[in-house]
Amino acid sequence: MTDKKSEPTQQEETIAAISTALGEGGIGIVRLSGITAENILLSIFRGPGGKPRKRFESHKVNYGFVVDEKGEKIDEVMATLMRAPLTYTREDVVEISCHGGSAVLKKVLRRTLELGARMADPGEFSKRAFLNGRIDLLQAEAIIDLIRTTSEKGWTTAFSQLDGRLSHSIAKMEEELIAILAQVEASIDFPEDEIEIIGNEAILHKMQLLNQKVAEITATYDIGKVYREGVAVALAGRPNVGKSSLMNALLQRERAIVTPHPGTTRDTIEESLHVDGIAIRLIDTAGVRDAEDEAEAAGIGRTIQAIDDADIVLILFDGSSEWHADDETALEKIVAAEAGRKSLIIVVNKSDLEQKMDVSKARRILHGKSIAGDPIFLSAKTGEGMELVKKRINSVIDSMGENLGEGPVLTRERHREKFVEIEKSLDNALGAVEKGLSREYIAADLQEAGEALAELTGKVVEDSILEKIFNDFCIGK
């Protein structure tokens, strides 16, 4: 168990890592943090005239060269020393901006390690920032989300959390909880003293208001998870209804092979796109029917798995064909796979041709299922109806959870679990008040809620949780 109050504000060991992605680039950064970071920079840096520096001014960029143990130049660089505590880790930090090739970055990093730095563990810079009180655990989690997100709403949510919106809301809840708990405990400790004892009705009212705030934020998890992770959208239907053509049309490029022959797609194909700022994982699947051979059966098996894993399923029909027995077979298998848990969108393709499909048969089979709106008629060939598909997907996403607008949003299962624990503890405390139980019971439940709040921001946290969170980071961050 880690208690941040007991942690030092300066790490003894200096760590180093390449903080930019490896590969070709205009610039690459080697970062150091720790008590000997400045000394290491003094040892390897030379000014334009080749002379070493005696000292560096904090937070000022210096032009020069990094040299090896013989004084030979390794690279032309821009180096910055940032003295504690006004740094990312609240330790002395050095950043050396080199040319972006992996060979030169590795040579500069190796030189810092030769002079006593240790290779940083994944996320160790951010872990030190957390342990030294610069960020809380929610903000630390937001950093990795900000690095990994590919969508506009994923970025907005992650930056909001990094900026402290959720942390500030939790801090206010904590203040309210402490105030209630203080009044409850005062009535326990000083029952005979001449102090004003808060009545049960007032306690009940305050806890109800607090519990309502907790419930409102808990309700944002479903949509917050979508903002962070995106959604999976599977394209399903019998063979040769245009699933691959629809994927290509949505992506606006030829990603999937399209032929007039049924069964061309034998495996799932995945690609990403963005719809109204949300990351969409688009999955083209093999046509569903009674398999004719082992390979097709394997492909259909993967289709069924993709449908089971998807958040939204687009069920495609060929509008230029009459209802086919394979349409019914496909529909039955799709319904069995999604088990009524998915949002289904009926799509009728080939609207540019004469229409023969009686889509009402599909609606009868899907009666009672979660169908999102009326069937969409489109042409993957001409592009007609593509924007309507995107709007329908976005509408389904909006219905997935409650969004507090500019308010805090939960994005991780860890957050949701803790908020559920807080709700449960507050419900127990409310029940104790309503039943007229001793205030010791009320205080115990409120203390449990306070512990869960502290674990959210990392004031008190299991070491295994810290390890899990920071091991998810890249080295150098």
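# Chatting through a predicted chain

Me: How many helices and strands are there in the chain?
Reply: This is a predicted model, so take the count as belonging to that model. The chain has 16 helices and 15 strands.

Me: What radius of gyration does the chain have, next to a compact globule of 477 residues?
Reply: For a compact globule of 477 residues you'd look for something near 23 Å. The C-alpha atoms here fill a box of roughly 80 × 80 × 35 Å along the principal axes. The radius of gyration of the chain comes out at 29 Å.

Me: What share of the contacts with a separation of 6 or more comes from residues 24 or more positions apart?
Reply: One such pairing by C-alpha distance is Asn248 and Ala380, 132 residues apart along the chain and separated by 8.1 Å. That distance is between C-alpha atoms, whereas a contact needs heavy atoms within 4.5 Å. Over the chain, the share is 69%.

Me: Is Asn248 buried or exposed?
Reply: Asn248 sits in helix 9, residues 243-251. Its relative accessibility is 5%, and the cut-off is under 20%. So Asn248 counts as buried.

Me: How many disulfides does the count come to?
Reply: A disulfide needs two cysteine sulfur atoms within 2.5 Å. The closest cysteine sulfur to that of Cys98 is in Cys474, 17 Å away, so that's too far for a bond. Cys474 is in no disulfide either. The count comes to zero.

Me: Which of the two, Cys98 or Cys474, counts as buried?
Reply: Cys474 has 34% relative accessibility, so it counts as partly exposed. The other cysteine has a relative accessible area of 3%, under the 20% cut-off. The buried one is Cys98.

Me: Which peptide bond is cis, with omega near 10°?
Reply: Most peptide bonds are trans, so a cis one is worth a look. Go to the loop between strand 6 (73-82) and strand 7 (93-98), where Pro85 lies. The cis bond runs from Ala84 to Pro85.

Me: What is the phi of Arg90?
Reply: Arg90 lies in the loop between strand 6 and strand 7, and at 34% relative accessibility it counts as partly exposed. Most residues other than glycine have a negative phi. Arg90 has a positive value, near 65°.

Me: Where is the place of Asn240?
Reply: Asn240 has a positive phi, near 65°. At 30% relative accessibility, Asn240 counts as partly exposed. Its place is in the loop between strand 9 (231-236) and helix 9.

Definitions and conventions: Residues numbered from 1 in each chain as written. Predicted model: local features only at pLDDT ≥ 70, side-chain atom pairs only at ≥ 80, totals over all residues. Heavy atoms only, no water. Helix = DSSP H or I, 4+ residues; strand = E, 2+ residues; numbered from the N terminus. Rg over C-alpha atoms; globule rule 2.2 N^0.38 Å. Buried < 20%, exposed > 50% of the residue type's maximum accessible area, 1.4 Å probe, protein only.
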